[in-house]
Each structure stands twice: as structure tokens, then as C-alpha cells.
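Colleague: Can you walk me through this model? Short answers, please.

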Amino acid sequence: MSTAEIGLYRSQKLALRYFTAAVILFGVMILFGFLSSLYYLHPSMLFKVFDFNTSKMLHIDTLVIWLLMALMGSIYWFLPKEIGGEIAGIRFAEIMFWAFCVIVAIVAVVFIFVQYGHADEFSLWFINQGRKYLEAPRWASLGIVAVLLTFSYNVIGSAIKRRKMTGILWVLCLDLIPLVLVYTDAFAAQTNMSVDLYWWWWIVHMWVESTWEVLIGCIMAMMLMEIAGTSRRIVETWLYIEVMLVLGAGILGLGHHYFWIGTPEYWLSIGGFFSALEPLPLLGMVVHAIYDAGSHHLKNTNTPAFWWITAEAFGNFIGAGVWGFMMTLPQINLFSHGTQWTVSHGHFAFYGAYVCGVIAVFYLARQKYTGIEHLHGKGWWWGFGLLNFGMLGMVMALLLAGMAQAFYGRAIGGSTLMAFTDASQNAWFVAGMWARTGFGVVFALGYVALVWDLLAIRKRLPQAAAVSSPEPA
Amino acid sequence: MDIQEPGFWRAGAISTTAVMIVVLIFLSINSSQAIAVGGSHVPDYSVINRQIGYRYDWTRREDVPVIGGPQPLFGKVYNEGQATALMNRAKLVIQSRNCINCHTFFGNGAYYGPDLTKSWLDPAWHQIFMPMTGAKTQEEAMVMFLMDPPKYPTWDRRMPNLHLSEQDAQAVVAYLKWMSAVDTNGFPANFGMQGEKP
């Protein structure tokens with residue numbers, strides 16, 4: 001155990017384990033994303049051995065799991081400081097971390113080597129549930145519920161045990177209720193596809209566009225206090241504003257997923273209106289970031305974390321907000337829905353809203369772990385530059401391909417098999433797919449540079465600076 | 001109340017969230033009735049015994065399903081119980097074979113294969129697959145394709161053989177026929193009409 005590690009709470013050591021697992025799964029996600037992109041260029045690749053649906057499933061499921069682990073790790077990192085001591089139930093949390101890892105490993109092995117089963121309940125319980133993002137078999141979903149319940153107990157129990165309830169903690173505790181509740185639909189097997197998708201969107205939308213947004217808002221609030229010295233009064237005020245706007249627009253913004261699944265027509269108006277409002281809270285975050293940065297003359301104690309937070313604010317607004325608005329008005333969505341245009345938005349939104357934010361926390365944790373008072377340097381620029389450039393390139397390439405599909409496949413062709421085939425062979429679509437793979441390589445190089453830089457922080461640390469804090473970080 | 005006070009915005013956050021949740025609950029109750037089988041937008045499963053079309057409605061200004069006269073599936077008329085059993089099996093096939101990670105249903109899923117919302121109405125079954133398989137009916141051609149997709153390729157992106165039994169494949173065909181009768185508010189637009197309004 002290093003001298004620096006001694007100065008950490010057990011909760012923060014657990015956070016480091018979560019971050020390590022998250023970074024590894026981030027790499028696995030990129031690997032299967034790259035593989036999935038290759039099927040579009042070489043459709044016969046691995047045919048009958050490892051087909052597109054398995055690769056794509058592993059890409060999106062590792063995305064959800066690594067981000068969930070990173071978000072949970074971020075809370076485990078900041079919570080001791082917020083409550084002024086060790087968290088409640090840390091032993092359970094440590095056990096559940098390993099349980100979580102074992103669950104993920106077993107599910108991955110089954111997905112890779114078994115892939116699918118017969119049309120029976122056994123398949124749903126032990127192989128694959130076949131619902132996008134919720135493919136994990138039921139036994140594994142039960143395990144994830146246990147992990148989430150333990151996590152909720154750690155947060156809420158800590159606040160009660162310490163008799164300390166800050167504004168951030170209130171928001172966090174209340175946010176955990178829907179986070180766990182909506183996941184209970186992960187076990188359903190509705191015959192009626194309209195009903196199935198209706199409640200499926202409660203999980204997907206309420207996690208990604210509501211509860212996770214609030215969660216990252218809480219993390220960013222604690223982060224800004226830590227690295228920029230922003231006052232609690234300011235971050236909590238902004239957090240309330242963000243919650244008001246995120247949930248005010250996001251709860252009924254759910255309606256933009258209800259345009260075409262067999263639901264009544266009023267969702268076209270409700271979904272269109274509220275999804276048009278959804279960029280507002282994200283714009284608020286940009287204003288917030290600029291305000292904080294300006295008020296502190298860009299002074300901070302952790303330059304990479306500071307720039308990743310700034311990237312998060314802009315990425316969230318543009319990727320989730322602007323890109324989402326661009327395609328969710330029903331008049332446009334009628335043609336853009338279910339094309340690579342959606343994929344463009346999905347990549348940009350997940351990256352901007354969450355990936356940039358949790359990378360900032362990784363840098364902060366490495367800084368505290370290594371005991372560096374001010375983390376600056378230049379090595380981090382490689383990861384920052386390549387990841388952002390790679391993602392922007394992929395987003396634009398997918399947009400190009402998606403627009404070709406929307407115009408030629410849907411608006412002109414009429415969405416039949418032949419229209420889909422024609423659009424997929426359109427020169428713009430093909431060029432977009434090649435460009436996506438190329439920028440994917442850039443993104444993967446950015447991942448390597450990021451990991452290298454995170455690991456190198458300790459190596460390049462001058463001995464004089466490598467002292468641990470006498471008190472837990 | 002001072003808008004610079006955090007308490008002002010806390011009250012705003014709580015009240016806004018509460019109102020939105022209440023509205024969502026009411027809308028969900030109403031929507032649940034519309035999307036239930038036999039509801040205003042989702043037909044009974046026994047609709048598989050009827051002809052199904054898709055036409056532009058000048059009043060609603062969107063494409064809507066048109067339910068026509070009798071058209072037995074696989075030469076058989078299913079009662080509601082039999083049709084429900086068929087649908088239950090089909091959905092298990094769709095989930096266990098992970099169809100949604102290549103295809104989309106109502107536009108939701110993955111984008112490697114075509115959208116299946118109105119697949120039953122796709123002219124390709126008559127124009128391409130019936131001649132290719134030698135089947136006499138559309139549903140027979142669909143079953144033959146589903147049981148061994150690599151045998152009937154239409155382009156370089158092929159569907160793998162997911163080892164469906166004949167009963168599995170028939171159930172999926174019935175499911176696709178039922179799904180084409182769901183009122184999806186005009187999605188996908190112009191299906192099979194190549195941009196022309198009837």
C-alpha cells in the first residue's frame with residue numbers, strides 16, 4: 001500500500017477500484033464499437049461465428065456498465081468529503097463491487113460464447129433478454145438491482161448516520177429512488193411490442209436523460225468545489241436550477257420516444273415541445289461553466305480535470321441538446337428515426353454528457369491518490385485532443401450517413417427492404433461508414449493516450465511532490 | 001423570495017418535478033389504454049386473420065393501417081386465444097434471438113438490418129422472395145426465408161441462420177402481420193409507395 005493510499009477513505013479506495021474497472025470496460029466498449037463498425041464495411045466478416053448483433057450488444061452494454069461504474073465510483077469518491085467521514089455500509093459496498101465484476105464477466109462470457117438460446121424463459125433468465133441495453137439475463141439484472149440498492153443504502157444511510165444533509169445530498173438521495181425504481185422493468189417480457197417499448201423507454205430515457213443527468217450534475221457540483229474552489233452556495237443554486245430544468249423538460253421529454261410506437265397522437269405535440277426545451281438546462285451548464293471559469297480567471301488545481309469539465313459542459317449542450325433537438329421534432333423524426341442520424345446523436349450525447357465528466361473525476365482521483373497539489377503538464381492534451389477529435393469526426397460521419405438514409409431510404413424510398421438496401425449502398429452512406437471507422441481509430445488512440453497519461457502521472461511525479469496528505473483526501 | 005437564494009430554486013425544482021411526474025402518470029394511464037391489445041391504436045391479435053393495408057389518410061394527414069376483409073394466415077383462421085399463444089411464442093423468439101440488435105421495431109433497435117414495423121407489407125416478399133423460394137404464398141416465403149436466411153441473400157449484408165423451427169418462424173410471421181396493423185402515427189411514411197400518395 002502506498003503512502004498516498006493510506007490517506008484515503010475506504011470509500012475512496014473503493015472508488016479507485018470502480019474507476020479501474022470502468023476504464024477497462026471503456027476499452028472493451030471501444031473494441032466492440034470498432035468491430036461493429038467493420039461489419040458495415042465487410043459484411044461477411046465473422047459471419048455465422050460472431051455476428052453483428054452480438055458485437056453491437058457488447059458495445060452498448062459495456063457503455064452502460066462502464067459509465068454506471070464510473071458514476072458510482074465518483075459518488076464513492078466525493079461522498080466521504082461531503083458527509084465528513086467514512087460512508088455507511090462500506091463493507092457491503094466492497095463486496096458488491098466484486099459481485100458486480102463477477103456478474104459482468106459471466107454475462108460477457110455467455111454473450112460471446114453462447115450468444116442466443118431457444119424461445120423459452122430459460123433464455124431470458126440465463127442467456128439473453130433481447131431488449132436493447134437490457135440484454136443482461138434476468139439473474140444478472142437481479143444482481144444489478146442488489147448493487148444499486150447497496151449503493152443507495154451507502155448514500156442515504158451515510159447522510160442519516162452522520163446527520164448531515166447538504167443540498168447536493170438531498171438531490172442525490174432523491175435521485176436514487178427513480179434510478180432504482182425504473183430499473184425494475186428490466187425483467188419484463190411483454191408480448192405486445194407497444195407496451196414493451198413504452199415501459200422500456202422509462203428505463204432508457206429516465207436513466208440517460210433524467211436520473212443520470214442529475215447524478216452527473218451532483219458530481220460536477222462537488223468537483224467544482226474541489227478543483228475551482230467554487231462556493232457551495234453557487235454550486236447548489238445551479239444544481240437546483242439544473243434539476244428544475246432537466247426534470248421539468250426531461251420527464252415529459254420522454255414523449256419524443258412515443259411518437260411512433262403505437263401511442264396516441266398527443267405525444268407528437270408533448271414530445272416535440274418538451275424535447276425542444278431539453279437543451280435549456282444543458283445551456284445552463286455551459287453558462288455555469290463559463291461563469292465559474294471566468295470568475296476564477298481559469299485558475300484551478302487540476303488542469304486536465306478542468307478542461308474535461310469544460311468539454312462536458314459544451315459536449316452535453318451540443319451533443320445531447322442541439323443534436324437531440326435537431327432530430328426530435330416529429331416532422332424531422334419521422335424520417336431521421338432509426339437511422340445512423342440517431343447513432344450520431346447517441347454517440348455525441350453519451351460522450352458529452354457523461355464520458356467527459358467522469359474522465360475529469362478520474363484525473364481528480366489520480367491527483368489525490370498521488371498527492372500532487374497542482375496537476376498540470378502537457379501529456380494529457382494527447383488524450384483530450386484525440387478523444388474529442390475522434391468523437392467529433394465519428395459524429396459528423398454518422399450524421400452524413402444518417403442523412404443519406406433519412407432522405408433516400410425513408411423520405412424518397414419509403415422504408416422498404418429495397419429502399420433500406422439502396423440507401424445503405426448510397427455513396428454518402430458508404431463514405432460516412434468509412435469515415436466513422438477512421439475516426440474510431442483516432443478515438444481508440446485517444447483512449448490509449450488517456451490511459452497512458454493517467455498511469456504516467458505517478459511516474460513523472462517529482463519525489464518532493466509525492467507526499468500524501470496527512471488527512472484523508 | 002430572493003432569486004439569489006438557493007431555497008428559491010430548490011422550491012422551483014421540487015414543484016416542477018412534482019407537477020411533471022403527476023402529468024406523466026395521467027398520460028401513462030391514458031396511453032396504456034390506447035396501446036393495450038384491442039385499444040384504440042393496437043388491434044387484437046386475431047387481426048392476423050384479416051387483410052392489412054397502409055394508406056395515406058387525408059384527414060389525419062399521415063399513413064394509417066387499413067384493416068380489410070378475411071385473409072387466413074397459413075390457410076387457417078385463429079381465434080383470439082390461438083393468436084395470443086402464437087404472439088407469445090413469437091415475442092420469445094424475437095427476444096431470445098436478439099433480433100433488436102440488428103433490426104428496429106417501430107424504429108427502435110439497431111440499424112444493421114431493415115426496420116420491421118411494416119415488414120409484412122413489404123413488396124419484396126412478392127417481388128423477390130416468392131420467386132426466389134418458389135413459395136406459393138407470402139407467408140410461406142417468409143417462413144422459408146426465416147428458417148434459412150443465408151440461402152436467400154439479396155445483398156452482401158446477410159442475415160445469419162438463427163435456427164428457428166417451422167413453428168417459431170410461423171409465429172414470427174404472424175407477429176409481423178399483427179405489428180403492421182398497429183397505428184404508428186404515420187411511421188414509416190410512404191411505406192412501399194416510393195413517395196407517391198394514393
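Modeller: Here is a quick run through chain A and its contact with chain B.

Modeller: This is a predicted model, where local features need pLDDT of at least 70, side-chain atom pairs count only at pLDDT 80 or more, and totals for chains, interfaces and linings use all residues. Residues are numbered from 1 along each chain as its sequence is written, and chains are lettered from A and ligands numbered from 1 in the order in which they are written.

Colleague: How many helices and strands are in chain A?

Modeller: Chain A has 17 helices and zero strands. Helices are DSSP runs of H or I with at least four residues, strands are E runs of at least two, and both are numbered from the N terminus.

Colleague: And how much of chain A is buried?

Modeller: Buried residues are 59% of its 473 residues. Buried means 20 or more other C-beta atoms within 10 Å of the residue's own, with C-beta atoms placed from the backbone.

Colleague: What does A:Ile219 touch?

Modeller: Leaving out residues up to four places away in sequence, A:Ile219 touches A:Leu71, A:Ser74, A:Ile75, A:Phe78, A:Gly357 and A:Val361. Contact means C-beta atoms, placed from the backbone, within 7 Å.

Colleague: Switching topic. How many residues does each chain put into the contact?

Modeller: Chain A gives 69 residues and chain B gives 69 residues.

Colleague: Which element gives the most on the side of chain A?

Modeller: H9(A), with 11 residues.

Colleague: Last one: what are the spans of chain A along its principal axes?

Modeller: The C-alpha trace of chain A spans about 70 × 45 × 45 Å.

Key. Two residues are in contact if their C-beta atoms, placed from the backbone, lie within 7 Å. A residue is buried if 20 or more other C-beta atoms lie within 10 Å of its own, exposed if 12 or fewer, and partly exposed in between; C-beta atoms are placed from the backbone.
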